[in-house]
Amino acid sequence: MSGANAGVGNHRGSVFRQHVGSALLETGDWPAEVAQTWGQKDVSPVQRAAERPLERAVSDHIGAMPLLWLDVPDLEQRKSIRANAIALLSQRTGGIHPTTPGWLGLHARNDNVRTSGLWNSDFVDDPYDPSFLDAMEACVKAV
């Protein structure tokens, strides 16, 4: 939260950050060297320094998103809720809410992100099991 790299994350450690950054690259005026190295595994310290403004923009964009935290202590139940919620919401399988025209993800490099309406590429083509909603409801009521 402080120091020389305050507000700068690492998209190499977060697929979510990588997706958001790729969309920001498509919608902004970023240096070519940043676009070339974004998503590459190994880059020089100079290249990482050049990416800092984009990493900061990614942090700002993610930080402005609303968040709801749901405590699901059981790992298998957490995996099930995550996968089924993504499958339920994905526009690739019909979704329950259309993507808004101004959603930044429409500019992401990843096709699954662009077409699902979600910042996720896993489970976006899967059918969902409606029984997960009961498990999720029980977790919500336990809060």
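**Close-up views of a six-helix chain**

**View 1. Leu104 and its neighbours.** Leu104 touches Val20, Ala23, Leu24, Thr27, His61 and Trp119, leaving aside residues up to four places away in sequence. The model shown here, and in every view below, is predicted.

**View 2. The largest nonpolar core.** This core holds 14 residues. Six of them touch the most other members: Val20, Leu24, Leu54, Val58, Leu104 and Trp119. Two elements each give two or more residues to the core, namely helix 1 (15-27) and helix 3 (45-63). Helix 1 gives the most, with 4 residues. Leu104 thus appears again, as one of the core members with the most partners.

**View 3. A second core.** Separate from the largest core is another, made of 5 residues. Among them are Val72, Leu88, Phe132 and Cys139.

**View 4. Helix 4 against helix 6.** Helix 4 covers residues 75-89, and helix 6 covers residues 132-142. The two pack at an angle of about 120°. Their axes lie 10 Å apart. Helix 4 and helix 6 are therefore oblique to each other, since the roughly perpendicular range ends at 115 degrees and the roughly antiparallel range begins over 145. Their crossing is left-handed.

**View 5. Residues at the contact of helix 4 and helix 6.** Helix 4 brings Gln77, Ser80, Ile81, Asn84, Ala85 and Leu88 to the contact. Helix 6 brings Phe132, Leu133, Ala135, Met136 and Cys139. By class, 8 of the contact residues are nonpolar and 3 are polar. None is charged. Leu88, Phe132 and Cys139 take part in this contact, and these residues also belong to the second core.

**View 6. Phe123 in its loop.** Phe123 sits in the loop between helix 5 (111-116) and helix 6 (132-142). Its phi is positive, about 65°, although Phe123 is not a glycine. Most residues other than glycine have a negative phi. Is Phe123 buried, partly exposed or exposed? Phe123 has a relative accessible area of 30%. Buried means under 20% and exposed means over 50%, so Phe123 counts as partly exposed.

**View 7. The whole chain, for orientation.** The chain has 6 helices and 0 strands. From the N terminus on, its elements run α-α-α-α-α-α. The C-alpha atoms fill a box of roughly 50 × 30 × 25 Å along the principal axes. Of the 143 residues, 27% count as buried. Among contacts between residues at least 6 apart in sequence, 64% join residues at least 24 apart.

Technical notes. Residues are numbered from 1 along each chain as its sequence is written. This is a predicted model: local features need pLDDT of at least 70, side-chain atom pairs count only at pLDDT 80 or more; totals for chains, interfaces and linings use all residues. Side-chain values use heavy atoms; hydrogens and water are left out. Buried means under 20% relative accessible area, exposed over 50%, partly exposed in between (1.4 Å probe, protein chains only). A nonpolar core is a set of buried Ala, Val, Leu, Ile, Met, Phe, Trp, Tyr and Cys residues joined through side-chain atoms within 4.5 Å. Contact means heavy atoms within 4.5 Å. Axes are lines fitted to C-alpha atoms, for helices over the stretch in contact, and angles run from 0 to 180 degrees between N-to-C directions. Angles under 35 degrees count as roughly parallel, over 145 as roughly antiparallel, 65 to 115 as roughly perpendicular and the rest as oblique. A crossing is left-handed if the near helix is turned anticlockwise from the far one by less than a right angle, and right-handed if clockwise. Ala, Val, Leu, Ile, Met, Phe, Trp, Tyr, Cys and Pro count as nonpolar, Asp, Glu, Lys and Arg as charged, and the others, Gly among them, as polar.
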